[in-house]
Each structure stands twice: as C-alpha cells, then as structure tokens.
Amino acid sequence: MTRKKKARKVGSEGPAQYSDKSLTKEDIAALARKRKSKRKGLKSGSRHSEGKTAQQRQAQAQRDPRLGSKKPIQLEVEAKPHPKSAEAKKARRLSAEQELEMLENDAQLNVLLDRIENGDSLGEGLQQYVDEKLDRIEVLMKQLGLFEEDEPEVEEAPKKNKRRGDDDLLAEFENFKFDQE
C-alpha cells in the first residue's frame, strides 16, 4: 500500500463547516468570560501606563520638599526626674522620720539605756539589741541631716603640701626595716 500525502488544497465544497455547532450570542459571551478569567495578574506594561492623572502630577511637582512639620525640635535633652521616684523619695523621707521617732520613743530601748547609764551590765542579746537600735538611729539621723559628728578621736598627722620626690621615696624604702611590724 502506497502512502499519499494530504493536500492542503481546499476542496470543491470549501472549508469545513461546523454545522452541528452553531454558536449563539450567549455562547460567545460565555467563551469570552472564560478566556478573561484564565488571565491573572495585571496587564503587561501597567507600571509605565498612564496611571497618574495630570492633576496628581502637578500637585506632586508643586509641593516643596523642604516643607515639613512646623513642630520645633528640642536640641538639648533635659533630664527630668521620674515622677514615681520623687514620690518614693518623699515617702522614704517620711518613713525615715517616722522610724526615727518610733526608735526615740521605744520604751524598751529607753529602759535599757537607763540601765547602761546606771552601770548595770546587760546580757549579750540585750547589748546586741541596743547596739543595733543605736546604729539604726545614727543612720537615720545622717539620712535626715540631723547627725552632728564629734571631733575625731585620733588626730591624723598634718599632710605636707609638698610632693615627695623619687629620691625621698627611695631613701625611705631603703631604710625601712621589714623585720619589725
């Protein structure tokens, strides 16, 4: 069997007609909708298309880029104390004053101090209690600025205004006796 090539010539009847498929207007519209729904995304070249109107472009061109907020900018930052910390300091100060008053009016402490002044010896626990309370009173008085220090018991040697030179320091080191303490 020999093979025959198909010819592209139109037959005597003309191109093939689809007689069984007659498309109505509704079918054509449905096909168009289907074709449109297959496409997704933006049109090609939409970035460069005429998206902005002429009015928008003019408004953007007329705006001065130097104009911004009219609010003044503070160049130096001032350290403001935290409001809670100020209240806390006041509360601590009041509590220190109240605590000092309570310690001064402590009946047991007053009795023990009177016994010490009379020359009685207290037990170890009572003496420790008195020492703790007196130390606390001293701390509170220093906090409140009520404490006046007595003159120092041991006077320190007066300091020289002159600085000692290297030779003086070397001589002192050489003459120092390490055997004695």
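Here is a chat about a predicted model of one protein, going from its helices to its core, salt bridges and surface.

Biologist: Before we dig in, what are the ground rules for this model?

Modeller: Residues are numbered from 1 along each chain as its sequence is written, and side-chain values use heavy atoms, with hydrogens and water left out. Local features need a pLDDT of at least 70 and side-chain atom pairs count only at 80 or more, while totals for chains, interfaces and linings use all residues of this predicted model.

Biologist: Okay, how many helices and strands does the protein have?

Modeller: Helices (H or I, at least four residues) and strands (E, at least two) are DSSP runs, numbered from the N terminus. Reading along the sequence gives α-α-α-α-α-α. The count is 6 helices and 0 strands.

Biologist: Which helix has the highest confidence?

Modeller: pLDDT is the predictor's confidence in each residue, from 0 to 100. The protein averages 76, and 73% of the residues score at least 70. Where pLDDT is low, the predicted coordinates should not be read in detail. Confidence is lowest in α2 (residues 54–62), at a mean of 71, and highest, at 89, in α4.

Biologist: What share of the residues is buried?

Modeller: Buried means under 20% relative accessible area, exposed means over 50%, and partly exposed is in between (1.4 Å probe, protein chains only). The protein has 181 residues, and the buried share is 6%.

Biologist: Which helix gives the largest share of the largest nonpolar core?

Modeller: A nonpolar core is a set of buried Ala, Val, Leu, Ile, Met, Phe, Trp, Tyr and Cys residues joined through side-chain atoms within 4.5 Å. The largest one here has 10 residues, among them Ala96, Leu112, Val130 and Ile137. Helices α3 (83–104), α4 (107–117) and α5 (124–144) each give two or more residues to this core. The largest share, 4 residues, comes from α5.

Biologist: Let's zoom in on Leu112: what does Leu112 touch?

Modeller: Contact means heavy atoms within 4.5 Å. Leaving out residues up to four places away in sequence, Leu112 touches Leu122, Leu126, Tyr129 and Val130.

Biologist: Now the charges: which residue forms a salt bridge with Arg136?

Modeller: A salt bridge is a side-chain nitrogen of Lys or Arg within 4 Å of a carboxyl oxygen of Asp or Glu, and the whole structure has 2 of them. In this one, the closest N and O atoms of Arg136 and its partner are 2.9 Å apart. The pair links helix α5 to helix α3, 37 residues apart. Arg136 is partly exposed at 31% relative accessible area, and its partner is Glu99.

Biologist: And how far apart in sequence are Glu138 and Lys142?

Modeller: These two also form a salt bridge, with the closest N and O atoms 3.6 Å apart. Glu138 is partly exposed at 31%, and so is Lys142 at 47%. Both lie in helix α5, about one turn apart, which is 4 residues.

Biologist: Last one: is Phe173 buried or exposed?

Modeller: Phe173 is found in helix α6 (residues 166–175). With Leu170, Phe176 and Phe178, Phe173 makes a nonpolar surface patch of about 490 Å². Patches are made of residues with over 30% relative accessible area and no salt bridge, with like charges joined within 9 Å and nonpolar side chains (Val, Leu, Ile, Met, Phe, Trp, Tyr) within 5 Å. At a relative accessible area of 55%, Phe173 is exposed.

Key:
Areas by Shrake-Rupley, 256 points an atom, 1.4 Å probe, with all protein chains shown as cover.
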